[in-house]
Amino acid sequence: MKFYSPLTADFFPNDTEDLDDDYSEYEGIPYTGKELTGYRDVIRDAIYEDVKDFYGDLMRYYREDDSVRRKVVRAVPTVDEVNGELVGSLWVDTDAPLTAEEQAVFCAYISGQYSDGWGEGFEQRDIRVDDGTLAVHFWQEDGFKMTPSFEKIPKPEKNFLRPKMQLIGQDGNIFAIMGRASRLLKSSGQGDKAKEMRDRVMSCDSYQKALNIISEYVETELSPKPTPKRDRGDAR
């Protein structure tokens, strides 16, 4: 499952000559999710760089020995565009469905991570964009809420060349696998497929589904094998 939450940022433009007197170089210009949609990919890349050392899993800091700990395998932050706004998006891989009470405990923990843990550090990371710098906030003092979401993910068209990629014996981290597949697709002139694959992987709800999606774009041990054609002599 995924949890969506509001996203805001402070924008610090390169050119400040035409800004009004209210602009503060220390506070920047407040941006809402609607104004951040054009920066989706660069923010996603910044999140990936920020979390890759610990595999993106915010559950590594969860210290309670309870049902939430036993059910939630990993929780990986990213951003998605929903109804014309860029929002915080948390991909949650679970071994079993969470009850309403467990969801409340889990969301309270993630709220703490966004406000005082990982999110506090991330908002201090300068994200360079063409026209300035962004400081992105997953935590909001007003109106913060985590909303569960279940989405249908589109599948790619079948008729395109899939480069081959081995899974067995390689780094099993989903970010590493996705990165290898993305590089293969880009090197074969399929940059659009690399982006499509990444968007689908970051929007799915389990590790296994993510592997299966990647295996639709690059040929792995999990890719479905074509059914061999039977000779006429085999027909009965």
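**Group meeting: two helices, a cavity and a salt bridge**

Okay, let's start with a pair of helices. Helix α1, residues 40–51, and helix α6, residues 191–202, have axes that come within 13 Å and cross at roughly 65 degrees. Before I go on, please keep in mind that this is a predicted model. As for the handedness, the crossing of α1 and α6 is left-handed.

So which residues in α1 and α6 meet? On the α1 side we have Arg40, Asp41, Arg44, Asp45 and Tyr48, and on the α6 side they meet Lys195, Arg198 and Asp199. Sort the residues of this contact by class and you get seven charged, one nonpolar and no polar. The nonpolar one is Tyr48, because tyrosine counts as nonpolar in the scheme used here.

Next, the empty space. Rolling a probe the size of a water molecule over the atoms shows where empty space is left. In this structure, one cavity of 30 Å³ or more turns up, and the largest cavity holds about 50 Å³ of space.

What lines the largest cavity? Go and find these in the model: Arg44, Ile47, Tyr48, Val51, Pro77, Thr78, Phe175, Arg198 and Met202. Three elements, α1, β4 (72–82) and α6, each give two or more residues to that lining. The largest share comes from α1, with four residues. You may recognise some names here: Arg44, Tyr48 and Arg198 were in the helix contact, and they are in the cavity lining as well. By class, though, the lining has six nonpolar residues, one polar and two charged.

Last topic, salt bridges. How many are there? The count comes to twelve. Let me pick one of them: Lys2 pairs with Asp80, and their closest N and O atoms are 2.4 Å apart. Where do these two sit in the chain? Lys2 is in strand β1, residues 2–5, while Asp80 is in strand β4, so the pair links distant parts of the chain, 78 residues apart. And β4 is an element we've already met, as one of those giving residues to the cavity lining.

That's my part, thanks!

Methods
Residues are numbered from 1 along each chain as its sequence is written. This is a predicted model: local features need pLDDT of at least 70, side-chain atom pairs count only at pLDDT 80 or more; totals for chains, interfaces and linings use all residues. Side-chain values use heavy atoms; hydrogens and water are left out. Axes are lines fitted to C-alpha atoms, for helices over the stretch in contact, and angles run from 0 to 180 degrees between N-to-C directions. A crossing is left-handed if the near helix is turned anticlockwise from the far one by less than a right angle, and right-handed if clockwise. Contact means heavy atoms within 4.5 Å. On a 1 Å grid over the protein atoms alone, a cavity is a set of points where a 1.4 Å probe fits but cannot get out, and a pocket is an open set with protein on both sides within 12 Å along at least five of seven lines; lining residues have an atom within 4 Å of a point. Grid points are joined across faces, edges and corners, and a volume is the space filled by probe spheres set on the points. A salt bridge is a side-chain nitrogen of Lys or Arg within 4 Å of a carboxyl oxygen of Asp or Glu.
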